[in-house]
Amino acid sequence: MPKISIITVNKDNAVGLKKTIDSIVNQTYTDYEWIVIDAASKDGSVDLIKQYEHHISYWVSEPDGGIYAGMNKGILKATGEYLFFLNSGDVFADEHVLQHIHEEKINADIVIG
């Protein structure tokens with residue numbers, strides 16, 4: 001079971017999604033699961049998701065009830081010990097963020113950074 005489940009929610013934000021994708025796939029630590037929940041985008045987001053689906057553990061593109069409904073879908077699919085929400089357009093500070101998280105001896109229910 002991966003320690004970290006990354007959940008990305010997207011709707012019609014292919015430009016932002018590409019930034020998020022680059023940020024995730026360039027991480028030096030790769031033992032994570034990545035879940036992408038797309039709300040039936042019509043702007044090319046699905047094509048972008050398909051292009052990178054070998055990095056994605058689970059993805060779906062279907063209408064939903066908004067960002068929180070998408071997050072809840074992601075939570076239901078997640079198997080990691082910790083959930084990390086990195087939505088479309090969000091990026092990690094650098095390519096070592098997940099490595100640093102992995103190296104920490106975390107004993108907490110919630111971690112904020």
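User: In this predicted model, is Phe 85 buried, partly exposed or exposed?
Analyst: Phe 85 is found in strand 4. Its relative accessible area is 32%. Buried means under 20% and exposed means over 50%. Because 32% falls in between, Phe 85 counts as partly exposed.

User: Which residues is Phe 85 in contact with, leaving aside neighbours within four places in sequence?
Analyst: Phe 85 belongs to strand 4. Glu 103 is 18 residues further along the chain or back from it, and the two C-alpha atoms are separated by 19 Å. With neighbours within four places set aside, the contacts of Phe 85 are Ile 7, Met 71 and Ile 75.

User: Which element gives the most residues to the lining of the largest pocket?
Analyst: The largest pocket has a volume of about 480 Å³. Strand 4 (82-85) and helix 4 are the elements that give two or more residues to its lining. The largest contribution, four residues, comes from strand 4.

User: Which lining residues are the closest to the centre of the largest pocket?
Analyst: The lining has 17 residues. They divide into 14 nonpolar, one polar and two charged. The closest to the centre are Leu 83, Phe 84, Val 111, Ile 112 and Gly 113.

User: Which residues touch the most other members of the largest nonpolar core?
Analyst: In soluble globular proteins, nonpolar side chains tend to be buried together. The largest nonpolar core here has 17 residues. Strand 1 (4-10), helix 1 (14-25), strand 2 (32-38), helix 2 (45-51) and helix 4 (97-103) each supply at least two of them. The members that touch the most others are Ile 6, Ile 21, Ile 24, Tyr 32, Trp 34, Phe 92 and Leu 98.

User: How many residues are in the other core, which includes Ile 7 and Ile 37?
Analyst: This core lies apart from the largest one. Among its members are Ile 7, Ile 37, Met 71 and Ala 78. Two of these, Ile 7 and Met 71, are also contacts of Phe 85. The core has seven residues.

User: Which residues does Trp 34 touch, not counting those up to four places away in sequence?
Analyst: Trp 34 is among the core residues that touch the most other members. Its contacts include Ile 21 and Ile 24, two residues that are buried in helix 1. The full list is Ile 6, Thr 8, Ile 21, Ile 24, Val 25, His 55, Ile 56, Ser 57 and Tyr 58.

User: Which elements do the buried residues of helix 1 pack against?
Analyst: Helix 1 has 12 residues and reaches 16 Å from its first C-alpha to its last, close to the 16 Å expected. Its buried residues are Ala 14, Gly 16, Leu 17, Thr 20, Ile 21, Ser 23 and Ile 24. They pack against strand 1, strand 2 and helix 2.

User: Why does Thr 20 count as buried?
Analyst: Thr 20 lies in helix 1. It touches Thr 8, Leu 86, Asn 87, Ser 88, Gly 89, Asp 90 and Val 91, residues up to four places away not counted. Buried means under 20% relative accessible area. Thr 20 counts as buried because its value is 0%.

User: Where is Asp 12, and what is its relative accessibility?
Analyst: Phi of Asp 12 is near 50°, a positive value in a residue other than glycine. Asp 12 sits in the loop between strand 1 and helix 1. It is partly exposed, at a relative accessibility of 38%.

User: In which loop is Ala 40 found?
Analyst: Ala 40 is a residue other than glycine with a positive phi, near 55°. Its loop runs between strand 2 and helix 2.

Conventions
Residues are numbered from 1 along each chain as its sequence is written. This is a predicted model: local features need pLDDT of at least 70, side-chain atom pairs count only at pLDDT 80 or more; totals for chains, interfaces and linings use all residues. Side-chain values use heavy atoms; hydrogens and water are left out. A nonpolar core is a set of buried Ala, Val, Leu, Ile, Met, Phe, Trp, Tyr and Cys residues joined through side-chain atoms within 4.5 Å. Buried means under 20% relative accessible area, exposed over 50%, partly exposed in between (1.4 Å probe, protein chains only). Contact means heavy atoms within 4.5 Å. The expected span of a helix is 1.5 Å times one less than its number of residues. On a 1 Å grid over the protein atoms alone, a cavity is a set of points where a 1.4 Å probe fits but cannot get out, and a pocket is an open set with protein on both sides within 12 Å along at least five of seven lines; lining residues have an atom within 4 Å of a point. Grid points are joined across faces, edges and corners, and a volume is the space filled by probe spheres set on the points. Ala, Val, Leu, Ile, Met, Phe, Trp, Tyr, Cys and Pro count as nonpolar, Asp, Glu, Lys and Arg as charged, and the others, Gly among them, as polar.
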